[in-house]
Amino acid sequence: MPSVFLFATLDTKGREADFVRGLLTSYGVSVTLVDVGALGTPVVAADISRDRIFELAETTIEAVRKNADRGDAVTKAATGAARLARDAYARGDLSGVLGLGGSAGTTIATTAMQALPLGVPKVMLSTLASGMVRQFVGDKDIFMLNSVVDIAGINRVSREVLSQAARAMAGLVQHPRPDPQQDDKPLVAATMFGVTTACVERARETLERAGCEVLVFHATGNGGQAMESLIGEGLIAGVLDVTTTELADEHVGGFLSAGPDRLTAAGKAGIPQVVSTGALDMANFYAPESVPAKFKDRLFYKHNANVTLMRTTRDENARIGASIAHKLSAAKGPVAILLPARGVSAIDKEGQPFDDPVARKALHDAIRSGVHGIPVTELDLHINDPEFANAAANKLLELMRMNEQPAGGTS
């Protein structure tokens, strides 16, 4: 029977983990208790020892203790835990992951959870769950449960919360995921920002009329990461990546970067993609006081009290364009690039605060000159013009139809 893997540092959270293990067992759930501690002595026996965790991280518990660096111990334990979870799932031995922890335990257990695909039950009972948790959740479907009190002993409050974690996991693994439907439509991923909404909404209508199901990802860093992850899991049939704004934050230093691997998953998977330059006129910050001092002389636009946009420069646009060209040139599947000559966002067009034809030209010229073997079409349109949205959607449908053709043409 596939087992719930219960991750905890059994020197500091052993009794609590044993309590949860007992609850899960009483609910008829098979449990594998995994010790991810390093420095103290376990207070209960594990099914998978810490020695094994560090072996999977290509080190030993002795080496970790000798180093006496708590941060390094956590990093190594997280590496081993992720490998353990990934391998167990591949063998069919893992049905879900439940973690208990403070900062170290949360880092370790959620790293293991992030190694698993969408739909595998993931519950993290954490002392940090009431704060910023993006670094723990990432782009995965992880339930974060606030421990309310420290996970330090079984008392009236902790007993209730530990029980909630156990019941949540039992419910997730005992109620099976829905089976795929015979009439499931091809999934298309599309990227959108507030300033490209008109384009994506129009394109989505076209794609849906053609029989696609469209997943829209808000290009706020986590959105782009989630899209790249789902592409990597093989769930996506085509990508309408018209809003690549996260690349601006990555290159310029804004707050909404999706990381250096943004714009690579579709190319690696060989699935059709149509790419544009939506919202690359801006890098994103929070309230005005969050903007680094080095940018004090730049052009800003106050989107609202909590979002401050900074206009990207000609040189920045040239670097971003070169990066796009480099990434797309490595794609294994069909790619088309559509460029909106009259503006890349709602505030980058004639009469709007970020209108900058010189910067826009630098961006598009860098893409044109840097790509190899990829068609680039510049339309005398704004990105939010209906004609641009129609062109992007229809081009993606064309690429998807071509991708379905067997080698050598139609039969």
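In this predicted model, lysine 122 and aspartate 141 make a salt bridge, with their closest N and O atoms 2.6 Å apart. The contact ties together distant parts of the chain: lysine 122 belongs to strand β4 (residues 122-126), aspartate 141 sits in the loop between α6 (134-137) and β5 (143-146), and 19 residues separate the two. The partners are not equally accessible. Lysine 122 counts as buried because its relative accessible area, 0%, falls under the 20% cut-off. Aspartate 141, at 27%, is partly exposed.

That pair is one of 26 salt bridges in the structure. The general idea is a familiar one: side chains of opposite charge can pair when their charged atoms come close. A second example lies within a helix, where aspartate 72 and lysine 76 meet through their side chains at 2.9 Å, N to O. Both residues belong to helix α4 (residues 70-91), and because they are 4 residues apart there, about one helical turn separates them. Aspartate 72 is partly exposed, with a relative accessible area of 22%, and lysine 76 is likewise partly exposed, at 25%.

Out in the open, lysine 296 pairs with aspartate 297, and here the closest N and O atoms are 3.4 Å apart. Lysine 296 has a relative accessible area of 63%, so it ranks as exposed, the cut-off being over 50%. Aspartate 297 is exposed too, at 68%. Elsewhere, salt bridges with shared partners join Glu228, Asp241, Glu246 and Arg262 into one network.

Asp241 also leads into the sheet, since this residue is part of strand β8 (238-241). The sheet itself is open and has 6 strands, paired in parallel and ordered β7-β6-β8-β9-β13-β14. Strands β7 (213-218) and β14 (376-379) form its edges; each has a single partner strand, so one side of each lacks a neighbour in the sheet. From one strand to the next, the twist averages 20°.

Working through the middle of that order, β6 and β8 run parallel and are joined by 3 bridges, with alanine 189 standing opposite valine 239 of β8. On the other side of β8 comes β9, again in the parallel sense and again over 3 bridges. In that pairing, leucine 240 has valine 274 of β9 as its bridge partner. Strand β9 (residues 273-275) then runs parallel to β13 (residues 335-340), and 3 bridges hold this pairing as well. Here valine 275 stands opposite isoleucine 337 in β13.

How are the two faces of β8 covered? As a rule, the side chains of a regular strand alternate between the two faces of the sheet. In β8, Gly238 and Leu240 lie on one side, Val239 and Asp241 lie on the other, and all of them are buried. Asp241 is thus both a buried residue of β8 and a member of the salt-bridge network with Glu228, Glu246 and Arg262.

Two helices pack against this part of the sheet. Helix α8 (residues 197-209) lies across β6 (187-192), β7 and β8, and runs at about 170° to β6. Helix α9 (residues 222-232) touches β6, β7 and β8 as well, its direction making about 140° with that of β7.

Conventions. Residues are numbered from 1 along each chain as its sequence is written. This is a predicted model: local features need pLDDT of at least 70, side-chain atom pairs count only at pLDDT 80 or more; totals for chains, interfaces and linings use all residues. Side-chain values use heavy atoms; hydrogens and water are left out. Two strands pair if DSSP finds at least two bridges between them. Axes are lines fitted to C-alpha atoms, for helices over the stretch in contact, and angles run from 0 to 180 degrees between N-to-C directions. Contact means heavy atoms within 4.5 Å. A salt bridge is a side-chain nitrogen of Lys or Arg within 4 Å of a carboxyl oxygen of Asp or Glu. Buried means under 20% relative accessible area, exposed over 50%, partly exposed in between (1.4 Å probe, protein chains only).
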